[in-house]
Amino acid sequence: MSCTAERRKSDAELGLTPQQSAGRRIYDDNCARCHEPYSSSGKQGPSLQGIFKKPYFGMSGLPSNDARATDIIRFGRDKMTGFGQVLSQQQINDLLAYLHTL
């Protein structure tokens, strides 16, 4: 029996900066249970792979930029609860830096 899951790459293998690495830890702690980072398959929420590579967010049609993403992270959207009471602005900035690598 073989496992087809890919081994998780390290921050160094992904070439992440310290800020992006901090954002990855925040993602793992707060986002990964609902959003896939490196796969197009969704969990409860949509995959975030390539989230900033398109002009608009897939589900909402909102412009895919840091300001809109910050609002969604802070206040939530549809079934997603907001993280404005959980994450500081610096943590949100770190998370955005990581999301740009997906």
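Q: In this predicted model, which helix does Asp94 lie in?
A: Asp94 lies in a helix, and that helix is α4. The buried residues of α4 include Asp94 and Leu95. So where should you look for Asp94, given that α4 covers residues 89-99? The helix to find is α4.

Q: How far from Asp94 is the nearest side chain of opposite charge?
A: Asp94 is buried, yet it has no salt bridge. A salt bridge needs a side-chain nitrogen of Lys or Arg within 4 Å of a carboxyl oxygen of Asp or Glu. For Asp94, the nearest side chain of opposite charge belongs to Arg25, at a distance of 7.0 Å.

Q: Which side chains make polar contacts with the side chain of Asp94?
A: Let's take the two partners in turn. One polar contact, of 2.8 Å, joins the side chains of Asp94 and Gln90. Another, of 3.2 Å, joins the side chain of Asp94 to that of Gln19. The names to remember are Gln90 and Gln19.

Q: Leaving aside neighbours within four places in sequence, which residues is Asp94 in contact with?
A: Gln19 has already come up as a polar partner of the Asp94 side chain. With neighbours within four places in sequence left aside, Gln19 is again on the list of contacts. The full list for Asp94 is Gln19, Ala22, Gly23 and Ile26.

Q: How many aromatic pairs does a search of the whole structure find?
A: One pair is formed by the rings of Tyr27 and Tyr98. Another is formed by the rings of Phe52 and Phe57. For the whole structure, the search finds 2.

Q: Why is the pair of Tyr27 and Tyr98 called edge-to-face?
A: A pair of aromatic rings is described by the distance of the centres and the angle of the planes. The ring centres of Tyr27 and Tyr98 are 5.5 Å apart. Planes over 60 degrees apart count as edge-to-face. The planes of Tyr27 and Tyr98 are at 65°, so the pair is edge-to-face.

Q: How many residues apart are Tyr27 and Tyr98?
A: Tyr27 sits in helix α2 (residues 18-30), while Tyr98 sits in helix α4 (residues 89-99). The pair therefore links distant parts of the chain, and the separation is 71 residues.

Q: Is Tyr27 buried or exposed?
A: Buried means under 20% relative accessible area. Tyr27 has a relative accessibility of 0%, so this residue counts as buried.

Q: What is the angle between the ring planes of Phe52 and Phe57?
A: Phe52 is buried, with a relative accessible area of 16%, and Phe57 is buried as well, at 8%. Their ring centres are 6.1 Å apart. The pair is edge-to-face because the planes are at 65°.

Q: Which helix gives the most to the largest nonpolar core?
A: The largest nonpolar core has 20 residues, and those with the most contacts inside it include Tyr27, Phe52 and Leu95. At least two residues of this core come from each of α2, α3 and α4. The helix that gives the most, with 5 residues, is α4.

Q: Is Lys53 buried or exposed?
A: Exposed means over 50% relative accessible area. Lys53 reaches 61% relative accessibility, so this residue counts as exposed.

Q: How far is the backbone oxygen of Leu102 from a polar atom of the Lys53 side chain?
A: Leaving aside neighbours within four places in sequence, Lys53 is in contact with His100 and Leu102. From the backbone oxygen of Leu102 to a polar atom of the Lys53 side chain, the distance is 2.7 Å.

Methods. Residues numbered from 1 in each chain as written. Predicted model: local features only at pLDDT ≥ 70, side-chain atom pairs only at ≥ 80, totals over all residues. Heavy atoms only, no water. Phe/Tyr/Trp six-rings, centres within 6.5 Å; stacked < 30°, edge-to-face > 60°. Helix = DSSP H or I, 4+ residues; strand = E, 2+ residues; numbered from the N terminus. Buried < 20%, exposed > 50% of the residue type's maximum accessible area, 1.4 Å probe, protein only. Lys, Arg positive; Asp, Glu negative; His and termini not counted. Polar contact = N/O pair within 3.5 Å; in protein donor to acceptor, adjacent residues only side chain to side chain. Contact = heavy atoms within 4.5 Å. Core = buried A, V, L, I, M, F, W, Y, C linked by side-chain atoms within 4.5 Å.
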